[in-house]
Amino acid sequence: MKDSFNKRHILSIGFLVPLISTLALIIILILNTQKTVEESVTIENEEFEVSKKIRFLSSWGGNDPYADTLSFVLQKFQEENAGITIINESLFGDDFLIKLQTDFASGNPPDVFGLFPGSVRDILIQRYQIADLTDVLKKDVKWYQSFYPNMWRYVTFNGRIYGVPLETIVECLFVNKDIFERYSLKVPQTFDELINVSKILKSKGIIPIAFNAQPEGTYIYQNIIVSIGTKHDVENPLKSGKFSSPYVKALDYLKILYKAGAFPDNYYSLTSKQRNDLFLTKKAAMIVQGSWFIPKCDPKTVDIYFFPQISNTGKKHLIYGLGGGTFYISSQAWQDETKRSWAIKLLKFLTSEKIARIFVERTGLISNIKIINPPNVNNPLRSKAEGFIKEADVLVAPPDHFVDRMVWEEVITKNIPYYLQGTISSKLFWEKAIKAWEENMEKLGE
């Protein structure tokens, strides 16, 4: 505004002092030219800086047990790679998946992200929104061979590798052993024992099992599914227009627990953090959780066990697979050669032996990266969880990895309270789920 005013003022008196006017105009032109050059440089610098920023998204944010360690290692990466900025947008729990799907749908996907196997990932691959890492991995033989080979099948789609798996997960029963000792209770190993223990704990004013009607709260339902079903039935939930029997029967077993008073009275309104806190603050005696929950627990007062088996086969079933620590590169980032090189470098860093050791020693994470010298693991729960993998007779990936994610979250999870309370029948429950799945498949096929 000041320059504009000066220009008008000089022009108004130009007829009196032509020489001064001419000089002033020349000066103004020079200043404007300099300003234009400076703006161009700034824009170019901004574009250059953008290419050296990597947006990272995972479920290891907020209250997640791995959040602090993730921040620590991302900072390490920045220190070792001057000029690169990692924008960590990780979120805790169910909010993560909402953001991930929204970002992809809006055309603004993260450059690098963590995601457990399942329908969400598979849809992104089918839409060519996740980069194919097969050639990069195969060319770097040392990197490729640093992973345990049995886990590649979980990140392979149509014969191509799309993700790099840092974290192996298991799910099991977490027990506040001090509560059990107080009432001289035996940790349940069968479903009948789980029912009896729940009734006793309820009579003592203790919440038997921390449970909520959110996707994370369905871990107990998923463990029941795995306990009563064959590996084939669990991994193929929808056959000939019907859900396989383990999914249907498991809901009935969940209802038996509900009628026995095993869950919090307000389970339907609890957040995932509130559910976890019920167990961590000793208001609940048990919780069904994953190995990633171990860092939150005090091994002096908490212990872990196989989920109580329901079938009479005598075999131990265990939910086992890859968790949110499986990393991918978006196709959009891959198409930018500069971002691609830094994204690959970040993946190699996150799945290096050095970083795997940090996660193992700081959090108890079960690593899918080979660590030559045994890491220093102080938490006995972590060692016990890893031992479950060797003890288990049947290893099955989480059931929610095989069901369409929208159906799992919007239909199955949300209708569980209505089924438990008797306001919706089993027939109508599964009709809703099947219809939603078929409609979603039709949309995807368009």
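# Strands, rings and burial

User: What makes β7 and strand β15 (residues 366-367) count as a pair, and in which sense do they run?

Analyst: Two strands pair if DSSP finds at least two bridges between them. Between β7 and β15 there are 2 bridges, so the condition is met. The two strands run antiparallel, and Thr168 has Ile366 in β15 as its bridge partner. The structure is a predicted model, in which local features need pLDDT of at least 70 and side-chain atom pairs count only at pLDDT 80 or more, while totals for chains, interfaces and linings use all residues. Residues are numbered from 1 along each chain as its sequence is written, and side-chain values use heavy atoms, with hydrogens and water left out.

User: How many bridges join β7 to strand β11 (residues 284-290), and how many join β7 to β12?

Analyst: Strand β11 is joined to β7 by 5 bridges, and β12 by 4 bridges. Both values satisfy the requirement for pairing, so each is a strand pair. β11 runs antiparallel to β7, with Val288 as the bridge partner of Leu173. β12 also runs antiparallel to β7, and Phe174 stands opposite Ile304 in β12. A further antiparallel pairing, over 4 bridges, connects β7 and β13; there the bridge partner of Ile169 is Gly321.

User: Why is strand β7 (residues 167-176) described as largely enclosed?

Analyst: A residue is buried under 20% relative accessible area, exposed over 50%, and partly exposed in between (1.4 Å probe, protein chains only). In β7, 10 of the 10 residues are buried, so the strand is largely enclosed by the rest of the structure. In the whole protein chain of 446 residues, buried residues make up 52%.

User: Why is the ring pair of Trp60 and Phe359 called tilted?

Analyst: Rings of Phe, Tyr and Trp (its six-membered ring) pair if their centres lie within 6.5 Å; planes under 30 degrees apart count as stacked, over 60 as edge-to-face and the rest as tilted. A search of the whole structure finds 27 such pairs. For Trp60 and Phe359 the centres are 5.3 Å apart and the planes stand at 50°, so this pair is tilted. It links distant parts of the chain, for Trp60 lies in the loop between β1 (53-57) and α3 (67-80), whereas Phe359 lies in helix α16 (residues 353-363), 299 residues apart.

User: How do you know whether Trp60 and Phe359 are buried or exposed?

Analyst: The relative accessible area of Trp60 is 3%, and that of Phe359 is 0%. Both values fall under the cut-off for burial, so both residues are buried.

User: What makes Phe306 and Phe388 a tilted pair, and which parts of the chain does the pair tie together?

Analyst: The ring centres of Phe306 and Phe388 are 4.5 Å apart and the planes are at 35°, so the pair is tilted. Phe306 lies in the loop between β12 (302-305) and β13 (317-322) and Phe388 in helix α17 (residues 380-391), so parts 82 residues apart in sequence are tied together. Phe306, at 12% relative accessibility, counts as buried, and so does Phe388, at 3%.

User: Which residues do ring pairs link into a cluster, and what places the charged end of Lys255 over a ring?

Analyst: The cluster consists of Phe243, Tyr247, Tyr419, Phe429, Trp430 and Trp437. A charge sits over a ring if NZ of Lys or CZ of Arg is within 6 Å of the ring centre and within 35 degrees of the ring normal. The charged end of Lys255 sits over the ring of Tyr419, 4.5 Å from its centre. Similarly, the charged end of Lys384 sits over the ring of Tyr305, 4.4 Å from its centre.

User: Why is Lys432 called partly exposed, and which residues does it touch?

Analyst: The relative accessible area of Lys432 is 38%. That value lies between the two cut-offs for accessibility, so Lys432 is partly exposed. Lys432 belongs to helix α19 (residues 426-445). Not counting residues up to four places away in sequence, Lys432 touches Val411, Asn415 and Ile424, where contact means heavy atoms within 4.5 Å. Lys432 and Val411 are 21 residues apart in sequence and 7.0 Å apart in space, C-alpha to C-alpha.

User: How many helices and strands does the protein chain have, and what is its mean pLDDT?

Analyst: There are 19 helices and 16 strands; helices (H or I, at least four residues) and strands (E, at least two) are DSSP runs, numbered from the N terminus. The mean pLDDT is 88, and 88% of the residues reach 70 or more; pLDDT is the predictor's confidence in each residue, from 0 to 100.
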